[in-house]
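Reader: I have the model open on my screen and would like to understand the words used to describe it. Could you take me through some of them?
Author: Gladly, here it is.

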Amino acid sequence: MARVDVIMPQMGESIAEGTVSRWLKKVGDTVKRDEPIFEISTDKVDAEIPSPSAGTIVEILITEGQTVAVNTVVARLETDAAAAAAAAAAPAPEAPAAAVAAAAPAAAAPAVSASLPATPVVAATSAPASAPGSLEDRLRTKSSPLVRKLAAEHGVDIAALSGTGIAGRVTRKDLEAYLTARPAAGSAPAPVAGASMYAPAGTESHGPLPSPWPGDVVEPMSKMRKLTSDHMATARRIAAHVTTFWEIDLTRVARIRNAMRKEFEAQSGQKLTYMPFILQVVAAQLKRHPVLNAAVAGNDIIYRKQVNLGIAVALDPTGLIVPVLKRADELSLTGLSRGVNDLAARARGKKLSPTDVQDATFTISNPGTFGSITGTPIIPVGTTAILCLGAIEKRPKVVTGPDGEDTLAIRTCCYFSLSFDHKVVDGADADRFMGDIKKALESFPEAGV
């Protein structure tokens with residue numbers, strides 16, 4: 001028998017778990033390699049996951065709606081036709097949901113559970129420290145929503161514990177064992193990260209939850225929305241956000257674009273927008289200003305050599321995803337245009353692969369397509385800055401003519417805003433970067449396409 005494990009993929013560097021939102025196939029179905037077999041939701045993507053091999057589905061280990069850690073086995077395929085037929089004919093006892101949920105992580109890492117000590121939870125100080133930002137660290141702190149809620153209610157910092165789950169992931173059983181074993185009342189509970197010093201344990205730092213009034217409509221958040229909420233709150237807490245605003249004259253870019261648009265679109269088959277021009281300049285300037293293309297790991301700054309641009313894409317009806325254009329500094333205007341259009345189309349069609357949303361070194365958000373003048377977006381975890389593009393529109397501006405006389409002129413302008421992490425990026429660094437972007441766009445070369 002040749003069985004192949006189907007695992008929960010890691011849909012982004014900072015993602016430690018995913019939810020099986022829908023199975024597209026059932027036990028006994030025959031699938032081709034790369035044929036979608038289930039849908040997942042994370043805080044970065046809502047996507048269809050393809051089969052890793054051709055074969056027949058003989059086991060589905062995770063039910064719809066369950067959240068599991070990345071690399072958890074969620075199903076198994078049988079590639080041998082005869083063995084698959086025998087497996088399908090054999091009656092399988094139905095396991096309760098709780099047993100299924102517990103079995104998947106155990107199957108994913110038997111060696112880990114086999115080597116664990118009898119005591120399920122110990123203080124993190126007695127365990128070897130994991131590298132800052134490592135997968136193990138993220139898995140431990142990204143426990144299930146239920147465990148995080150229980151930890152908050154009892155004033156326990158999950159990051160201060162190690163458990164019996166994958167890479168030390170704290171489970172409900174681990175937390176309950178810790179609460180039973182910890183000192184009785186009288187000792188101050190461990191503070192919850194980000195909690196207010198004035199709020200009692202278990203109280204959200206923003207105060208009590210609001211209650212609905214008569215006539216209000218109450219709808220639970222979707223899984224994607226809940227995960228996005230958690231991720232944004234974490235990102236906001238990690239980075240010291242500061243934003244600088246610039247108005248950039250795109251009149252020259254608009255003229256070059258209009259002059260080459262017809263021929264460009266005929267030759268490349270790609271729609272020519274302003275975005276490739278902006279991406280080309282941003283990618284070039286990130287090479288000259290490496291602190292904007294960096295990541296923070298504890299007390300270290302990682303200066304990335306690759307320039308991978310995350311492009312925020314709004315999804316209908318709600319949601320946001322950030323596919324990544326890899327090695328953008330090596331692409332021509334045609335390559336940038338083709339790459340952006342392809343990623344956007346596959347994002348809206350739920351055709352992105354895990355690698356398509358990983359390894360961004362810098363992100364660009366474009367709310368200007370909806371008419372927004374500007375914005376102050378949140379810096380994604382693992383990067384030091386994000387650029388926001390406002391609406392591109394014609395405005396009256398004072399310009400100085402060749403004879404030094406000031407006149408009013410109609411110019412095509414756009415507000416750019418840069419949110420940066422002030423822990424490692426100084427205001428001068430950010431403004432020099434933006435100044436160079438402004439200069440490059442306002443003097444874009446005629447032959448620079």
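Reader: Why is Glu-39 called buried?
Author: The relative accessible area of Glu-39 is 8%, and buried means under 20% (exposed is over 50%, partly exposed in between, with a 1.4 Å probe and protein chains only). Glu-39 is therefore counted as buried. As a word on the source, this is a predicted model, in which local features need pLDDT of at least 70 and side-chain atom pairs count only at pLDDT 80 or more, while totals for chains, interfaces and linings use all residues. Residues are numbered from 1 along each chain as its sequence is written, and side-chain values use heavy atoms, with hydrogens and water left out.

Reader: Which residues is Glu-39 in contact with, leaving aside its neighbours within four places in sequence?
Author: They are Thr-19, Val-20, Ser-21, Arg-22, Leu-24, Ala-47, Glu-48 and Lys-350. Contact means heavy atoms within 4.5 Å.

Reader: What makes strand β4 largely enclosed?
Author: Glu-39 belongs to strand β4, and five of the six residues of this strand (residues 36–41) are buried, so the rest of the structure largely encloses it. Strands here are DSSP runs of E with at least two residues, helices are runs of H or I with at least four, and both are numbered from the N terminus.

Reader: How do you know that β2 pairs with β4?
Author: Pairing takes at least two bridges found by DSSP between two strands. Strand β2 (residues 17–23) is joined to β4 by four bridges, and the two run antiparallel. Val-20 is found opposite Ile-40 in β4.

Reader: Why is strand β8 described as largely enclosed?
Author: Six of the six residues of β8 (residues 73–78) are buried, so the rest of the structure largely encloses this strand. Five bridges link β8 with strand β1 (residues 3–7), running antiparallel, and there Arg-3 stands opposite Glu-78. Strand β6 (residues 55–60) is joined to β8 by four bridges, also antiparallel, with Ile-60 opposite Ala-75.

Reader: What makes α9 and α10 roughly perpendicular?
Author: The axes of α9 and helix α10 (residues 333–348) come within 9 Å and cross at roughly 115°. That makes α9 roughly perpendicular to α10, since 65 to 115 degrees earns that name (under 35 is roughly parallel, over 145 roughly antiparallel, the rest oblique). Axes are lines fitted to C-alpha atoms, for helices over the stretch in contact, and angles run from 0 to 180 degrees between N-to-C directions.

Reader: Which residues of α9 meet α10?
Author: Met-275, Pro-276, Phe-277, Leu-279 and Gln-280 do, and they meet Leu-333, Leu-336, Ser-337 and Val-340. The contact has seven nonpolar, two polar and no charged residues. Nonpolar covers Ala, Val, Leu, Ile, Met, Phe, Trp, Tyr, Cys and Pro, charged covers Asp, Glu, Lys and Arg, and polar covers the others, Gly among them.

Reader: Why are α9 and α11 called oblique?
Author: The axes of α9 (residues 275–288) and α11 (residues 427–442) come within 10 Å and cross at roughly 140°. That angle falls in none of the named ranges, so α9 and α11 are oblique to each other. Among the residues that meet are Phe-277 and Val-281 in α9 and Phe-433 and Ile-437 in α11. By class, the contact divides into nine nonpolar, one polar and two charged residues.

Reader: How do you know that Val-170 is buried?
Author: Val-170 has a relative accessible area of 2%, so the word buried applies. Val-170 lies in the loop between β10 (161–162) and α6 (172–181).
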